[in-house]
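Student: I would like a close look at a single part of this protein, and then at how that part sits among its surroundings. Please explain the terms as you go.

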Amino acid sequence: MSVEDFRGTPCGKLHNAVLITGAGQRIGHYLARKFLEETDWPVLFTYRTPRPGVTELEAAGARGLMVDLTVPDAAEKVARFVADQAVSLRALIHNASLWLKDEALATSPAQLQALVRLHMQVPYELNRLLVSFLRAASADLKDIISLSDFNTERGSDQHAFYLATKAGLQNLTKSFAKLYAPAIKVNDIAPALIMFNEEDPPAYRAQRLQKSLLQIEPGPEVVWQTVRFIMQNPYLTATSIPLDGGRSVV
Ligand SMILES: NC(=O)c1ccc[n+]([C@@H]2O[C@H](COP(=O)([O-])OP(=O)(O)OC[C@H]3O[C@@H](n4cnc5c(N)ncnc54)[C@H](OP(=O)(O)O)[C@@H]3O)[C@@H](O)[C@H]2O)c1
C-alpha cells in the first residue's frame with residue numbers, strides 16, 4: 001500500500017478511515033486518540049455532546065459529526081457524513097452506548113427504544129449502509145468491531161434490558177461475519193469493568209474490583225490492545241472476545 005492511500009484525495013476525502021461512534025469521551029475518545037497517534041488511518045467519529053475531548057480530536061485532525069444516534073434517521077446522517085468525508089473505511093467501531101438501569105426504564109418507553117436503537121438498530125443499519133466504503137478500502141484487512149458487555153453471559157437483576165440489547169449487538173457479529181466474509185472481518189469485544197465512572201463511590205469500586213481475578217481497573221488501554229489485535233489478525237471473525245480480568249470464574 002502506498003503512502004497516498006492514507007492521504008486525502010484532491011477534494012479532501014479520506015482513504016482507509018476508521019469510524020468510531022460515541023468518541024467524545026472515555027473509551028471511544030481514547031481509541032480515536034490512539035488511532036491518530038499510532039497509526040496512519042485517518043479518524044472519523046460521532047459524538048452527541050460537545051466536550052473538550054471533541055475539540056481535542058478535531059484539533060488533532062479527526063473529523064467529527066454531532067449526532068444523537070437514537071433519532072430515527074441517525075444512521076443515514078452518519079452515512080452521509082462518511083460519504084462527504086471519505087472514499088473508503090478501514091474499520092467501523094460501534095462504541096456508543098447508554099448504561100441504563102431497569103428502574104430508569106420502567107416509566108420511559110422512549111429510553112427502552114433508545115437502547116434498542118443505539119445498541120442494535122444503528123449498528124445494523126451502519127453495517128449495511130457503510131459496507132461499500134469498507135469494500136472500497138485498499139487496506140488488506142477490513143474490520144467491523146463492536147463493544148458489547150461481558151455480562152450478557154450472566155444476565156443482571158438491574159440491567160436486564162441494557163444487557164438484552166448488548167446481547168443483540170453481539171449476535172449481529174455472527175450474522176454480519178457470515179454476510180461479509182471473506183472481505184470484511186466482524187468481531188465483538190465483551191468487556192467487564194474497564195473504567196469506573198467519576199461518581200462511583202469507594203465502597204462500590206472495592207466491591208466491583210473483588211469481582212475479577214485480576215482485581216484492577218485496567219483503563220482503556222486494554223480495549224485499544226484488543227482492537228489492534230483484532231485488526232492485525234487475518235484469521236479472526238465472528239467472535240466475541242471477553243475482556244474481563246477473569247470475571248467468568250469468580
Ligand atoms: N467502561 C466500562 O467499564 C465498560 C464496561 C463494559 C462495557 N463497556 C462498553 O464499552 C463502550 C465504551 O464504554 P464507556 O464507558 O467509554 O462508555 P460511555 O462513557 O458511556 O460513553 C459512550 C459514548 O456513547 C455516547 N452516546 C450515548 N448515548 C448516545 C446517543 N443517544 N447518541 C450518540 N451517542 C451517544 C456518549 O456520548 P455523550 O458524550 O453525549 O455522553 C459517549 O461518548 C460502551 O459500548 C460500553 O457499553 C464499557
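Student: Where is the place of Gly155?

Tutor: Gly155 is in the loop between strand 5 and helix 7. Residues are numbered from 1 along each chain, as its sequence is written. The model is predicted: local features need pLDDT of at least 70 and side-chain atom pairs count only at pLDDT 80 or more, while totals for chains, interfaces and linings use all residues. Helices (H or I, at least four residues) and strands (E, at least two) are DSSP runs, numbered from the N terminus.

Gly155 is exposed, because 11 other C-beta atoms are within 10 Å. The cut-offs are these: a residue with 20 or more other C-beta atoms within 10 Å of its own is buried, one with 12 or fewer is exposed, and anything in between is partly exposed, with C-beta atoms placed from the backbone. If residues up to four places away in sequence are not counted, Gly155 touches Ala160 and Leu163. Contact here means that the two C-beta atoms, placed from the backbone, lie within 7 Å. The C-alpha atoms of Gly155 and Asp200 are 21 Å apart, with these positions 45 residues apart along the chain.

On one side of this loop is strand 5 (143-147), and between helix 6 (131-135) and strand 5 there is a loop that holds Leu141. Leu141 counts as partly exposed, since it has 16 C-beta neighbours inside 10 Å. Its contacts, leaving aside neighbours within four places in sequence, are Lys185, Met231 and Pro234. Pro234 is 93 residues from Leu141 along the chain, but their C-alpha atoms are separated by 6.9 Å.

On the other side of the Gly155 loop is helix 7. Two packed helices are described by the angle between their axes and the distance between the axes. Axes are lines fitted to C-alpha atoms, for helices over the stretch in contact, and angles run from 0 to 180 degrees between N-to-C directions. Helix 7 (residues 160-180) packs with helix 5 (residues 109-129) at about 10 degrees, and their axes are 9 Å apart. Helix 5 is therefore roughly parallel to helix 7; the word applies to angles under 35 degrees, with over 145 roughly antiparallel, 65 to 115 roughly perpendicular and the rest oblique. Residues meeting across this pair include Leu112, Leu115 and Met120 in helix 5, and Phe161, Leu169 and Phe176 in helix 7. In the contact of helix 5 with helix 7, 11 residues are nonpolar, 4 polar and 1 charged. Ala, Val, Leu, Ile, Met, Phe, Trp, Tyr, Cys and Pro count as nonpolar, Asp, Glu, Lys and Arg as charged, and the others, Gly among them, as polar.

Helix 5 also packs with helix 3 (residues 74-85): the axes come within 9 Å and cross at roughly 35 degrees. This crossing is right-handed, which by definition has the near helix turned clockwise from the far one by less than a right angle; an anticlockwise turn would be left-handed. Ala74, Ala75, Val78 and Ala79 of helix 3 make the contact with Val122, Glu125, Leu126 and Leu129 of helix 5. Here 7 residues are nonpolar, none polar and 1 charged.

After helix 7 comes a loop leading to strand 6 (185-191), and Pro182 lies in it. The peptide bond from Ala181 to Pro182 is cis, with omega near 0 degrees.

A further pair is helix 1 (residues 26-38) and helix 9 (residues 221-232), which pack at about 55 degrees with axes 9 Å apart. Helix 1 and helix 9 are therefore oblique to each other. Their contact is made by Ile27, Tyr30, Leu31 and Lys34 of helix 1, and Val223, Trp224 and Val227 of helix 9. Arg26 also lies in helix 1, and its phi is near 50 degrees, a positive value in a residue other than glycine.

Finally, the whole: the protein has 9 helices and 7 strands. Its radius of gyration is 18 Å, close to the 18 Å that the globule rule gives for 250 residues, so the protein is as compact as a globular protein of that length. The radius is taken over C-alpha atoms, and the rule is 2.2 Å times the number of residues to the power 0.38. Buried residues make up 39% of the 250 residues.
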